[in-house]
Amino acid sequence: MSDKALASVSGAVRKSPEREGLRADPNLSVPISKDEATLQAQRNIDLLNLDDTIDTPRYEFMDALYKDVPPRAKLNLLKKAADRINAAALPRSACRSGCSHCCNISAVINQVDADAIGRAIGIKPKKLKSGRPGLSSRERWFGIPCTFLVKGRCSIYQDRPIACRMMFNMADSPYFCDTRIPPDESHVTMLNLKQLEEGYVKTFIDYDWGDIRDFFPPKNPVSDR
Ligand code: SF4
C-alpha cells in the first residue's frame with residue numbers, strides 16, 4: 001500500500017546519494033549507500049525469517065480475510081493480526097517510534113477503514129466522488145504530511161488504518177524513507193507482505209478507496225518538518 005519503490009534486493013549497484021551530490025541536510029539521518037541499504041535489509045529479512053515469529057500472525061491475517069463476519073468486525077480482526085505482524089517485524093526494521101517519514105507519502109485506505117477512524121475521532125469522513133481514486137492519487141500526496149500527523153507523531157495511533165500498520169523499511173537506517181530524497185533516488189526495501197495486501201484489497205474491493213487525506217482533508221497541506 002506504499003508508493004515507495006519496492007527496491008529489489010538484487011538491484012543495480014549505485015553510488016550513495018551523498019557521493020552523487022545530494023546536499024547534506026542536518027535533518028536527514030546519516031546517509032548510507034544503496035548497497036549498504038540492500039545488505040542491511042537482506043540481513044534483517046533473513047533474521048526475521050529465522051525468528052519464526054511472523055508466520056503465525058501472517059496466517060491470522062489471511063484467516064481473518066476469509067472469516068464470515070461483517071466488514072467492521074473483519075477490519076478489527078485484521079488490525080489485531082496486523083499489530084502482531086508489526087510486533088514481529090519492527091525489531092528487525094528501520095521503523096522506530098518518533099520516525100514519521102512514511103506519514104509523508106500516500107496511505108491508501110478504504111471506506112470501512114475511514115468510517116472506523118471517523119467513529120473513533122468523531123469526524124465523518126468525506127464521501128469520495130468516484131470509485132477508487134487512491135490508486136491514482138499517490139503522487140499527489142507525496143511529501144504532504146498526513147492529516148493526523150501532529151508534531152511528528154500519529155495523533156490517531158490506536159485507530160490508524162491497516163496501511164500504516166504493515167509497512168516496514170527492512171534496512172537498519174531510515175535514510176531512504178525521507179521524502180526529501182526524490183522517489184527515483186530512493187532505495188527502500190519493504191517487507192514483502194504483497195499477498196496479504198492483495199487479499200485485503202480484494203476483500204474490500206466493493207468499497208471506495210482513497211488516500212487518507214482524501215477522506216480527511218488536511219487543513220493546511222504543507223510539511224510540518
Ligand atoms: S494515520 Fe497516523 S501513522 Fe498513518 S500516515 Fe497518518 S499520521 Fe502516519
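The following paragraphs lead through the predicted model of this protein, from its overall confidence to individual residues.

The structure is a predicted model, and its reliability is the natural place to begin. The mean pLDDT of the protein is 85, with 82% of its residues at 70 or more. Residues 1–27 are another matter, since pLDDT stays under 50 over that stretch. Even there, the model has 45 contacts beyond four places in sequence. Where pLDDT is low, the predicted coordinates should not be read in detail.

The protein contains 7 helices and 4 strands. Read from the N terminus on, these elements follow the order α-α-α-β-α-β-β-α-α-β-α. Of the 225 residues, 36% are buried. Contacts across the sequence can be described by their separation: among those between residues at least 6 apart in sequence, 83% join residues at least 24 apart.

The interior comes next. The largest nonpolar core holds 47 residues, and within this core Leu78 and Ala163 touch the most other members. Two or more residues each are given to this core by helix H1 (34–51), helix H2 (55–65), helix H3 (71–89), strand E1 (108–110), helix H4 (111–121), helix H5 (162–165), helix H6 (194–203) and helix H7 (212–215). The largest share, 7 residues, comes from H3. Leaving aside residues up to four places away in sequence, leucine 78 touches Phe61, Ala64, Ile162 and Tyr200.

Two of these residues, Phe61 and Ala64, lead to helix H2, where they are buried together with Pro57. The three buried residues cover an arc of only 65 degrees around the axis, and therefore lie on the same side of H2. They pack against H3 and H6. On the other side of H2, Asp55, Tyr59 and Asp63 are exposed.

Helix H4 can be read in a similar way. Its buried residues are Asp113, Ala114, Ala116 and Ile117. Because they cover an arc of only 160 degrees around the axis, these residues are on the same side of H4. The elements against which they pack are H3, E1, H5 and H7. After H4 comes glycine 122, whose phi is positive, near 75 degrees.

Isoleucine 162, already met as a contact of leucine 78, lies in helix H5. This residue is buried, because 25 other C-beta atoms lie within 10 Å. Apart from residues up to four places away in sequence, isoleucine 162 touches Leu78, Lys79, Ala82, Asp113 and Tyr200. One of these, Asp113, is among the buried residues of H4. The C-alpha atoms of isoleucine 162 and aspartate 83 are separated by 9.0 Å, although the two residues are 79 residues apart along the chain. A further pair involves glutamate 197, which lies in helix H6. The C-alpha atoms of glutamate 197 and isoleucine 162 are separated by 9.3 Å, with their positions 35 residues apart along the chain. Glutamate 197 has 18 C-beta neighbours inside 10 Å and so counts as partly exposed.

Two loop residues deserve attention for their backbone angles. Aspartate 52 is found in the loop between H1 and H2. Its phi is positive, about 65 degrees, although aspartate 52 is not a glycine. Aspartate 52 is exposed, because 9 other C-beta atoms lie within 10 Å. Lysine 151 is placed in the loop between strand E2 (149–150) and strand E3 (153–154). This residue, also other than glycine, has a positive phi near 50 degrees. With 7 C-beta neighbours inside 10 Å, lysine 151 counts as exposed.

The last feature is the ligand. Its surroundings consist of Cys103, Ala107, Cys146, Phe148, Leu149, Cys154, Ile156, Arg160, Cys164 and Ile212. By character, this shell divides into 9 nonpolar residues, no polar residues and 1 charged residue.

Key. Residues are numbered from 1 along each chain as its sequence is written. This is a predicted model: local features need pLDDT of at least 70, side-chain atom pairs count only at pLDDT 80 or more; totals for chains, interfaces and linings use all residues. A residue is near a molecule or strand if its C-beta atom, placed from the backbone, lies within 6 Å of it. Ala, Val, Leu, Ile, Met, Phe, Trp, Tyr, Cys and Pro count as nonpolar, Asp, Glu, Lys and Arg as charged, and the others, Gly among them, as polar. pLDDT is the predictor's confidence in each residue, from 0 to 100. Two residues are in contact if their C-beta atoms, placed from the backbone, lie within 7 Å. A nonpolar core is a set of buried Ala, Val, Leu, Ile, Met, Phe, Trp, Tyr and Cys residues joined through C-beta atoms within 7 Å. A residue is buried if 20 or more other C-beta atoms lie within 10 Å of its own, exposed if 12 or fewer, and partly exposed in between; C-beta atoms are placed from the backbone. The arc is that of the directions from the helix axis to the C-beta atoms.
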